[in-house]
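Here's a quick briefing to read alongside the model. Have the viewer open and follow the topics in turn.

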Amino acid sequence: MAAAERRRRALITGITGQDGSYLSELLITKGYDVHGIIRRASMFNTGRIEHLYRDPHDPEARLFGHYGDMTDGTALRRIIEAVEPDEIYNLAAQSHVRVSFDEPEYTADVVAMGALRLLECLRDYVARTGRDVRMYQAGSSEMFGDAPPRQSEATPFQPRSPYATAKVAAHEHARNYREAYGLFVANGILFNHESPRRGETFVTRKITRAVGRIREGLQDKLYLGNLDARRDWGFAGDYVDAMWRMLQHDTPDDFVVATGRSYSVRDFLEAAFEQAGLDWQDYVEFDERYLRPTEVDHLEGDAAKAKDKLGWTAATDFKTLVAMMAEADHELARRERTLIDAGHGEGLTALNG
Ligand code: NAP
Ligand code: GDD
């Protein structure tokens, strides 16, 4: 392909995750070639992006995978050199807060050191080629921790987990590389965002999966921890658009991305069970395993800056989000039921997390 025809190229770490899949869809729609870093696993971990994949020999192929890992700086460097991206989205993470208390060193390695490794690759690549390459760093509202709501870009971080402290480190590395080397690195500070593709051990998906399975007689109890925590839950499909907008902005900056409304875990439970005509109190039991040594009580974001500078607002409200997830998970449970009725196994194993 002649240089003039070269499509814009994005490189996504964490492409196999929830956000990676929505972002890939968005970028392909916008005409990008999308390259993603996939970590080697003993089973396929590409379920969320399979619908976008075509054989790379197919001229219509727009999605390309590269084996790599955030703990392996040499591989990251090699991939950047080979892909020659215009935009890099750093989404890879051990992203489960509770798990980060069990695996703090690994979490810090992937999240904080991983971001630093990527920034080092970017620094050298830009110095060598002189190209304008822009990077998005996936920061989190978890970084605010104990800070009272509503939290904005001006709110000081008070992280409460190894995951959150690692995200703060990554955020600060990104700011430092922006200032020290003039790199275009944007920090997103995204509040919780969910979807039917959300990992099944995060509380929203754990709830909607359980509701679907209870409706189909596949599960009779749901074990949860703290129901009082409040979160600002949005739809992941809306939030990846904010990531892209950050990299189209004229200057690299930090942006809070949120709906501006918060609900408790109990509110989410009520809404999801109500959707199925069920009373959550008949099914939910407490299990202290799901408590965290330090909890984040209340996250509610002020995304005025993203609205003002990026023209971004959350399009999906809480009720619509719960209904979308509950419906998708009812369909999934129906399929499990059909398989079981046809004598094909026992369905999925009980959900944890
Ligand atoms: P996710 O579904 O957990 O996806 C995480 C991705 O990172 C997966 O593709 C995962 O690969 C990959 N990954 C994990 N460890 C890796 C490693 N060592 N090397 C390379 N890749 C690795 O997370 P998400 O919800 O899409 O979130 C995307 C990013 O935004 C994360 O950085 C998360 O911390 C951050 N964030 C999320 C939210 C939210 O509410 N969703 C809010 C704020 C910030 P596998 O598929 O192989 O596991
Ligand atoms: N996972 C889980 N499982 N959480 C539970 C449970 C349970 O059984 N019971 C209660 N909770 C409570 C947690 O204690 C927490 O207060 C709240 O539900 C939300 O938990 P998660 O869904 O695991 O999300 P999170 O807020 O800890 O972290 C997510 O959002 C962050 C942004 O604020 C993750 O996606 C992070 O990666 C992300 O950065």
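**Ligands and sheet at a glance**

One of the nitrogen atoms in ligand 2 sits 2.8 Å from a polar backbone atom of G225. Keep in mind that this is a predicted model. Ligand 2 is well wrapped up: of the 720 Å² of accessible area it has on its own, the protein covers 97%. For ligand 1, the protein covers 91% of the 900 Å² that this ligand has on its own. As for the fold, there's an open sheet of 7 strands with parallel pairing.

**Around ligand 2**

- There are 25 residues around ligand 2, and the ones that come nearest are S140, S141, Y163, R292 and E295.
- G225 isn't alone in offering its backbone: a polar backbone atom of T201 is 2.9 Å from a nitrogen atom of ligand 2.
- V203 joins in too, with a backbone N or O atom that lies 2.8 Å from an oxygen atom of the ligand.
- Which elements give two or more residues to the shell around ligand 2? They are helix α6 (203-215) and strand β8 (222-224).
- Sorted by class, the ligand 2 shell comes out at 10 nonpolar, 9 polar and 6 charged residues.

**Around ligand 1**

- Ligand 1 is surrounded by 25 residues, with T16, D19, S95, Y163 and K167 the closest.
- Y163 turns up again here: it is among the closest residues to ligand 1, and it is also among those that come nearest to ligand 2.
- Three backbone contacts are worth clicking on, starting with L91, where a polar backbone atom is 2.8 Å from an oxygen atom of ligand 1.
- M70 has a backbone N or O atom 3.0 Å from a nitrogen atom of ligand 1.
- With G14, a backbone N or O atom lies 3.3 Å from an oxygen atom of ligand 1.
- At least two shell residues each come from α1, α4 (104-129), β5 and α5.
- Which element supplies the largest share of the ligand 1 shell? That's β5, with 3 residues.
- By class, the shell around ligand 1 splits into 10 nonpolar, 10 polar and 5 charged residues.

**The sheet and its helices**

- Reading across the sheet, the strand order is β3-β2-β1-β4-β5-β6-β11.
- At the edges you'll find β3 (63-67) and β11 (254-257), each of which pairs on one side only.
- From one strand to the next, the twist averages 20 degrees.
- For a look at one pair, take β1 (residues 9-13) and β2 (residues 33-38), which run parallel and share 5 bridges.
- Within that pair, A10 has V34 in β2 as its bridge partner.
- Helix α1 (residues 18-29) lies across β1, β2, β3 and β4 (87-90), and its direction is at about 175 degrees to β1.
- Helix α5 (residues 162-181) packs on the sheet as well, touching β5 (134-140), β6 (184-190) and β11.
- The direction of α5 makes about 150 degrees with that of β6.
- Both α1 and α5 also show up in the shell around ligand 1, where each supplies at least two residues.

**Backbone oddities**

- P149 and R150 are joined by a cis peptide bond, with omega at about -5 degrees.
- R150 is in the loop between β5 and α5, two elements that each supply at least two residues to the ligand 1 shell.
- E84 is not a glycine, yet its phi is positive, at about 55 degrees.
- Where is E84 found? Look in the loop between α2 (73-83) and β4.

Key: Residues numbered from 1 in each chain as written. Chains lettered and ligands numbered in written order. Predicted model: local features only at pLDDT ≥ 70, side-chain atom pairs only at ≥ 80, totals over all residues. Heavy atoms only, no water. Pairing = 2+ DSSP bridges. Helix = DSSP H or I, 4+ residues; strand = E, 2+ residues; numbered from the N terminus. Axes fitted to C-alpha atoms, helices over the stretch in contact; angles between N-to-C directions. Contact = heavy atoms within 4.5 Å. Near = heavy atom within 4 Å. Polar contact = N/O pair within 3.5 Å; in protein donor to acceptor, adjacent residues only side chain to side chain. Areas by Shrake-Rupley, 256 points an atom, 1.4 Å probe, with all protein chains shown as cover. Nonpolar A, V, L, I, M, F, W, Y, C, P; charged D, E, K, R; others polar.
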